[in-house]
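Student: Please take a close look at a single part, the nonpolar core, and then show how the rest of the chain is arranged around it. Give the cut-offs as you go.

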Amino acid sequence: DSIPGDSLRSFAGFKASAARGLEEMGKHHHLRMHNVEKRPAQFVDWECDQNMVGILIGTFKAYPALGLACEEAGWTGETVIAYEEYTANGVRYVMQY
């Protein structure tokens, strides 16, 4: 509530099918659908326990390395989308450019 919506640099969400997304939006009117388009990406899989400390350490290590990998692959510094996918085996850190 303290930062205007147009000044935010990130958002939190969950991965769902369109049908599930619409169902959840019907229950929770503040939710919005965001489509993550297919585009070039770099990612790293990290097998770990999903505790907060492990996830934070992974985040601090993964994204700088992914940023460098994107630059080496031709990223020009325009907008990126970075997100994590949590699985039973660990975390996939993804950076799309």
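Tutor: Burial is scored by relative accessible area: under 20% is buried, over 50% is exposed, and anything in between is partly exposed, with a 1.4 Å probe and protein chains only. By that scale Trp75 is partly exposed, because its relative accessible area is 23%. The model is predicted, so local features need pLDDT of at least 70 and side-chain atom pairs count only at pLDDT 80 or more, while totals for chains, interfaces and linings use all residues. Residues are numbered from 1 along each chain as its sequence is written, and side-chain values use heavy atoms, with hydrogens and water left out.

The frame comes before the core. Helices (DSSP H or I, at least four residues) and strands (DSSP E, at least two) are numbered from the N terminus. The protein has 2 helices and 3 strands, in the order α-β-α-β-β from the N terminus. Along the principal axes, its C-alpha atoms fill a box of roughly 40 × 35 × 30 Å. Of the 97 residues, 19% count as buried.

Now the core itself. A nonpolar core here is a set of buried Ala, Val, Leu, Ile, Met, Phe, Trp, Tyr and Cys residues joined through side-chain atoms within 4.5 Å. In soluble globular proteins, nonpolar side chains tend to be buried together. The largest such core has 10 residues: Cys48, Ile55, Ala62, Tyr63, Leu66, Cys70, Val91, Tyr93, Met95 and Tyr97. Helix α2 and strand β3 (90–96) each supply at least two of them, and the largest share, 5 residues, comes from α2.

Two of these core residues also form a ring pair. Rings of Phe, Tyr and Trp (its six-membered ring) pair if their centres lie within 6.5 Å; planes under 30 degrees apart count as stacked, over 60 as edge-to-face, and the rest as tilted. That rule gives 1 aromatic pair. It is Tyr63 with Tyr93, edge-to-face, at 5.7 Å centre to centre and 90° between the planes. Tyr63 is in helix α2 and Tyr93 in strand β3, so the pair ties together parts 30 residues apart in sequence. Tyr63 is buried because its relative accessible area is 15%; Tyr93 is buried too, at 1%.

Contact means heavy atoms within 4.5 Å. Leaving aside neighbours within four places in sequence, Met95 has contacts that include the core residues Tyr63, Leu66 and Cys70. Its other partners are Pro40, Ala41, Gln42, Gly67, Val80, Ile81 and Ala82. Over the whole protein, 62% of contacts between residues at least 6 apart in sequence join residues at least 24 apart.

Trp75 sits beside this set, in the loop between α2 and β2 (81–86). Not counting residues up to four places away, Trp75 touches Gly67, Cys70, Val80 and Tyr97. Its C-alpha atom is 9.4 Å from that of Gln96, which is 21 residues away along the chain.

Strand β3 has a charged link as well. A salt bridge is a side-chain nitrogen of Lys or Arg within 4 Å of a carboxyl oxygen of Asp or Glu, and the whole structure holds 5 of them. In one, the closest N and O atoms of Arg92 and Asp45 are 2.6 Å apart. This pair links distant parts of the chain, with Arg92 in β3 and Asp45 in β1 (residues 41–47), 47 residues apart. Arg92 is partly exposed at 28%, and Asp45 is partly exposed at 46%. Elsewhere, salt bridges that share partners join Arg20, Glu23, Glu24 and Lys27 into one network.

Finally, the surface. Accessible areas come from the Shrake-Rupley method with a 1.4 Å probe; for residues, only the protein chains shown count as cover. The protein exposes about 7,800 Å², of which carbon and sulfur atoms supply 55%. Patches are made of residues with over 30% relative accessible area and no salt bridge, joining like charges within 9 Å and nonpolar side chains (Val, Leu, Ile, Met, Phe, Trp, Tyr) within 5 Å. Trp46, Val53 and Ile57 form a nonpolar patch, with about 270 Å² of accessible area together. Ile57 lies in helix α2 (residues 52–72) and is partly exposed, at 43% relative accessibility.
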